[in-house]
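Visitor: Please give me a close look at one part of this model, with the cut-offs behind each term stated where the term is used.

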Amino acid sequence: FILMDLGEADIRPYKLGKALSMITSLAKIHSLGKVHFDIKFDNFVISLDENKPNKIYYIDFDSVKEISSVGRDETVGTSTVSCRSPERDYDYPTKEDVFSLGMTLYFFKYPERKEESFLAPSRAWLDDQIDFLDNSNDPLDNVISVMLKEPDARYRDGFSVCDALSVKGLS
């Protein structure tokens, strides 16, 4: 199953497990010294194995680059503009993945809010969504909120997101 197909169904009880799998998989990619650069709904599949019901797999590694090889003049980022950060942190290209996964998780958790989106998120639109998430009692929302912030306030990589989840008791 492609993740976007499940976004149509009522799977809210399972979303935390799937979100955690997506985040830990991102940390694994970053641990290999890679940046995915094309994180979006279409690039996830879910295990059909009954023994791994929440296991998420990343697919489409055409845009993957070595972290050390990403240059300042290079045009990088997800080809899907609705998941692309409006800002770039040249020192930490992994923040691009963190942002894109934050957008994916946001629309996965709140598919009804996707209609409010447009082709590319502006900082003003994102700040409204961050306010919405910050006022939630759900600790996962608070983590997603930081994933969407401006680069200097955003988690640096998949490990930082995992650490934040652990502090909130979600790992």
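Guide: The account that follows begins with the chain as a whole, turns to one helix and its surroundings, and then moves outward.

The model is predicted, so local features are restricted to pLDDT of at least 70 and side-chain atom pairs to pLDDT 80 or more, while totals for chains, interfaces and linings use all residues. Residues are numbered from 1 along each chain as its sequence is written, and side-chain values use heavy atoms, leaving out hydrogens and water.

The chain holds six helices and four strands, where helices (H or I, at least four residues) and strands (E, at least two) are DSSP runs numbered from the N terminus. Read from the N terminus, the order of elements is α-α-β-β-β-β-α-α-α-α. Of its 171 residues, 48% count as buried; buried means under 20% relative accessible area, exposed over 50%, and partly exposed in between, with a 1.4 Å probe and protein chains only. Among contacts (heavy atoms within 4.5 Å) with a separation of 6 or more, 65% join residues 24 or more positions apart.

The part for close inspection is helix H2, residues 15–31. Two packed helices are described by the angle between their axes and the distance between the axes. Here the axes are lines fitted to C-alpha atoms, for helices over the stretch in contact, and angles run from 0 to 180 degrees between N-to-C directions. H2 packs with helix H3 (residues 94–109) at an angle of about 170°, the axes being 11 Å apart. The two helices are therefore roughly antiparallel, given that angles under 35 degrees count as roughly parallel, over 145 as roughly antiparallel, 65 to 115 as roughly perpendicular and the rest as oblique. From H2, the residues Lys-15, Lys-18, Ala-19, Met-22, Ile-23, Leu-26 and His-30 meet Thr-94, Asp-97, Val-98, Leu-101, Thr-104, Leu-105, Phe-108 and Lys-109 of H3. By class this contact comprises eight nonpolar, three polar and four charged residues; Ala, Val, Leu, Ile, Met, Phe, Trp, Tyr, Cys and Pro count as nonpolar, Asp, Glu, Lys and Arg as charged, and the others, Gly among them, as polar.

H2 also packs with helix H6, at an angle of about 140° and with the axes 7 Å apart, and this pair is therefore oblique. Their crossing is left-handed, that is, the near helix is turned anticlockwise from the far one by less than a right angle (clockwise would be right-handed). Leu-20, Ile-23, Thr-24, Leu-26, Ala-27, His-30 and Ser-31 of H2 meet Gly-158, Phe-159, Val-161, Cys-162 and Leu-165 of H6. The residues of this contact are eight nonpolar, four polar and no charged. Ile-23, Leu-26 and His-30 of H2 take part in the contacts with H3 and with H6.

A strand residue also meets H2. Ile-56 lies in strand S3 and, at 1% relative accessible area, is buried. Its C-alpha atom is 5.7 Å from that of Ser-21, 35 residues away along the chain. Beyond four places in sequence, Ile-56 touches Lys-18, Ser-21, Met-22, Ser-25, Phe-44, Val-45 and Ile-46.

The loop between S1 and S2 includes Phe-37, a residue buried at 3% relative accessible area. Phe-37 has a positive phi of about 65° although it is not a glycine, whereas most residues other than glycine have a negative phi. Asn-43, in the loop between strand S1 (34–35) and strand S2 (44–46), is buried as well, at 4%. A polar atom of its side chain lies 2.7 Å from the backbone oxygen of Asp-38. Asn-43 also touches Asp-60, among other residues. Asp-60 sits in the loop between strand S3 (56–58) and strand S4 (65–66), has a phi near 60° and is partly exposed at 29%.

Further along the chain, helix H4 (residues 123–134) packs with helix H5 (residues 139–147) at about 155°, with axes 8 Å apart, which makes the pair roughly antiparallel. Leu-148, in the loop between H5 and helix H6 (158–167), is buried with a relative accessible area of 0%. Among the residues it touches are Phe-99, Met-103, Leu-126 and Ile-130. The C-alpha atom of Leu-148 is 9.0 Å from that of Leu-101, and Leu-101 is one of the H3 residues in the contact with H2.

Key: A polar contact is a pair of N or O atoms within 3.5 Å; within protein, one must be able to donate a hydrogen and the other to accept it, and residues adjacent in sequence count only if both atoms are side-chain atoms.
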